[in-house]
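This report describes one protein structure for a reader who has not met it before. The sequence and the structure come first, and the description follows.

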Amino acid sequence: MVAVVRETERKYETEAGREIPSAELAGLAGVAGTTDSGSTSLDALYYDTRDRRLAAEGITLRRRSGGHDAGWHLKMPLEPGVREEIQAPDQEELPAALAGLVRSRVRDHALEPVMRLRTRRAVTLLHDTAGDTLAEVAVDEVEAEHQTTGRTAGWTETEVELVSGDPALLDTVEERLLAAGLRPASHTSKLQRARVETADPGHQRGSSGSSGGDQAEQVPPPATAGEAVLGYVRAQVRALVELDPAVRRDAPDSVHRMRVATRRLRSALRTHRAVLDATATAPVVEELRWLTGELGVDRDREVLADRLQTAVDDLPRALRTGPVRGRLRLFDRARRSGTRRRLVTVLDSRRYLDLLDSLDSLLAEPPMLAAAHRPAAKVMAKAVRRDFDRLAARVGEALAAEPGPERDEAVHTARKAAKRTRYAAEAARPVLGKPAKRYVRHMKALQSLLGEHQDSVVARGALRELAAQAQAAGEPSFTYGVLHEREAQRATRCEEELPREWSRITAFTASDRAGRLTTSR
């Protein structure tokens with residue numbers, strides 16, 4: 001069984017032998033009393049790859065004995081000062097559930113013991129008037145031993161972890177501890193400090209990771225097109241890798257976000273063929289298309305199921321004839337293809353891991369063309385305009401198409417072109433600023449309109465199938481016809497709105513507000 005704990009804590013450096021008397025923690029606002037819970041001996045063995053891939057991402061993996069939570073612990077940063085800890089029972093081998101959560105980082109590299117930490121922990125509990133624990137204040141005497149070099153180090157630190165109290169309690173406790181002579185820790189974790197003090201050979205690589213750190217640092221906009229494109233691609237690759245564990249754990253919206261990252265990557269490589277050699281990126285583009293499709297299987301099913309269920313709920317009772325809700329559940333169940341299990345299988349597959357390696361190789365040795373060395377603003381603006389011209393042609397075809405399947409297909413094609421133009425403008429924002437931001441906003445509105453039309457097309461196809469199934473089972477099919485007509489009306493409204501929306505966009509592109517994006521070639 002795997003347990004998940006959200007860990008909110010702060011660390012402080014403490015002089016050796018320094019204790020935190022309960023009296024120093026008494027009288028805090030919101031704290032009714034303190035309890036000395038005694039001391040515990042902990043023995044933890046930390047694992048990482050030889051090149052410290054987990055440390056580079058701010059991730060720690062350990063097997064610990066002693067204490068109430070002995071076993072395997074995987075800690076992953078969520079935001080500064082907050083980590084999520086996934087715990088699994090003790091066993092000799094790394095539990096499969098935890099191995100999967102680090103696979104996108106580790107891949108084929110072996111995990112090996114890198115550090116052993118022996119800790120003598122004395123804990124003081126802060127509790128409220130009901131006796132519930134608000135926070136734990138632990139004074140840890142730590143002995144670290146590097147598992148390769150044999151070097152050792154020792155220190156004492158204080159750790160304050162929120163249990164059930166208000167996060168503001170951490171500020172209150174901090175004021176008291178600083179007044180008592182403690183100082184904020186210079187390292188975010190015991191493992192990080194151990195690596196520094198034992199001169200871990202992999203420390204330099206591990207300390208360079210940015211996950212969980214301060215992301216607010218201002219960086220200058222990229223000067224060349226190559227820097228701009230690679231910066232955007234690098235951000236999407238990071239999103240893809242970081243979302244992998246969330247998808248495995250079925251976190252809300254994680255599949256959708258991972259799918260968007262793959263779409264952005266694929267779009268960037270196709271849009272910026274003047275910067276990155278398309279002959280080299282084509283295999284990666286094809287594999288990203290495969291992954292996008294796999295991620296979309298369950299997402300598309302969920303979107304359709306929610307749309308049909310909402311449509312049924314909105315119908316007056318008099319228009320709902322027969323076991324419509326039951327038929328919808330059967331229809332949805334039949335479309336499931338073990339999607340959760342299938343998706344995890346995809347993420348464990350050799351094909352997916354090879355794709356991640358290919359993306360790393362692309363970033364390590366990008367196939368730059370001459371345009372990559374030119375000024376970023378000029379090249380990025382040209383890429384946006386080129387995609388916009390392509391979009392304009394697709395919208396024109398949609399507006400000219402005959403109503404019915406021909407128009408439906410043309411609108412869907414225009415939607416994909418709008419998405420690609422939006423991503424091109426997103427990539428250009430660091431160098432083009434507000435004009436690109438406005439382009440993104442306009443493309444989102446157009447994409448939403450065209451997406452509503454496509455969702456109606458898909459829903460009408462499903463409703464025709466449902467009606468046929470109901471008739472075959474001797475059930476009334478009237479309700480599905482009503483829903484089909486309502487969806488057809490939605491599509492018609494989208495088609496009627498499209499010329500107006502496109503006029504707003506073309507007016508924007510012709511205005512001075514579009515700035516550098518609409519200057520002549």
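Which residue forms a salt bridge with K11? The partner is E157, and the closest N and O atoms of the pair are 3.4 Å apart. A salt bridge here is a side-chain nitrogen of Lys or Arg within 4 Å of a carboxyl oxygen of Asp or Glu.

## Basis of the description

This is a predicted model, in which local features need pLDDT of at least 70 and side-chain atom pairs count only at pLDDT 80 or more, while totals for chains, interfaces and linings use all residues. Residues are numbered from 1 along each chain as its sequence is written, and side-chain values use heavy atoms, with hydrogens and water left out.

## Overall make-up

The protein has 16 helices and 9 strands. Helices (H or I, at least four residues) and strands (E, at least two) are DSSP runs, numbered from the N terminus. Along the principal axes, the C-alpha atoms fill a box of roughly 85 × 65 × 45 Å.

Of the 521 residues, 47% count as buried. Buried means under 20% relative accessible area, exposed means over 50%, and partly exposed lies in between (1.4 Å probe, protein chains only). Among contacts (heavy atoms within 4.5 Å) with a separation of 6 or more, residues 24 or more positions apart account for 73%.

## Strands 6, 7 and 8

Strand 6 (residues 112-127) pairs with strand 7 (residues 133-146) in the antiparallel sense, over 13 bridges. Two strands pair if DSSP finds at least two bridges between them. Within this pairing, R116 stands opposite E145 of strand 7. The hairpin of strand 6 and strand 7 has 5 residues between the strands, and G131 takes a positive phi near 90° there.

Strand 7 is also joined to strand 8 (residues 152-162), by 11 bridges, and these two strands run antiparallel. D140 stands opposite E157 in strand 8. In the hairpin of strand 7 and strand 8, with 5 residues between the strands, G150 has a positive phi near 80°.

## Salt bridges

The count of salt bridges comes to 50. The pair of E157 and K11 ties together parts that are 146 residues apart in sequence, because E157 lies in strand 8 and K11 in strand 1. E157 is buried, with a relative accessible area of 4%, and K11 also counts as buried, at 12% relative accessibility. Both residues belong to a network of salt bridges that links E9, K11, R121, D140, E157, E159 and K190.

Two other salt bridges involve helix 9 (residues 278-314). In one, the side chains of R342 and E294 meet at 3.1 Å, N to O. This pair links distant parts of the chain, with R342 in helix 11 (residues 339-347) and E294 in helix 9, 48 residues apart. R342 counts as partly exposed at 34% relative accessibility, whereas E294 counts as buried at 17%. In the other, the closest N and O atoms of D332 and R301 are 2.7 Å apart. D332 is in helix 10 (residues 324-335) and R301 in helix 9, 31 residues apart. D332 and R301 are both buried.

## Cavities

Rolling a probe the size of a water molecule over the atoms shows where empty space is left. On a 1 Å grid over the protein atoms alone, a cavity is a set of points where a 1.4 Å probe fits but cannot get out, and lining residues have an atom within 4 Å of a point. The structure holds 4 cavities of 30 Å³ or more. The largest has a volume of about 50 Å³, a volume being the space filled by probe spheres set on the grid points, which are joined across faces, edges and corners.

The lining of the largest cavity consists of K11, Y12, E13, E157, A185, S186, H187, S189 and R193. Its largest share, 3 residues, comes from strand 1 (residues 3-14). The lining divides into 2 nonpolar, 3 polar and 4 charged residues. Ala, Val, Leu, Ile, Met, Phe, Trp, Tyr, Cys and Pro count as nonpolar, Asp, Glu, Lys and Arg as charged, and the others, Gly among them, as polar.

## Two buried helix residues

T281 is found in helix 9 and counts as buried at 1% relative accessibility. Leaving aside neighbours within four places in sequence, T281 is in contact with L269, L276, L362 and P367.

A228 lies in helix 7 (residues 225-248) and is buried, with a relative accessible area of 7%. Not counting residues up to four places away in sequence, A228 touches P222, A376 and M380. The C-alpha atoms of A228 and V431 are separated by 7.7 Å, although the two residues are 203 residues apart along the chain.

Methods
On a 1 Å grid over the protein atoms alone, a cavity is a set of points where a 1.4 Å probe fits but cannot get out, and a pocket is an open set with protein on both sides within 12 Å along at least five of seven lines; lining residues have an atom within 4 Å of a point.
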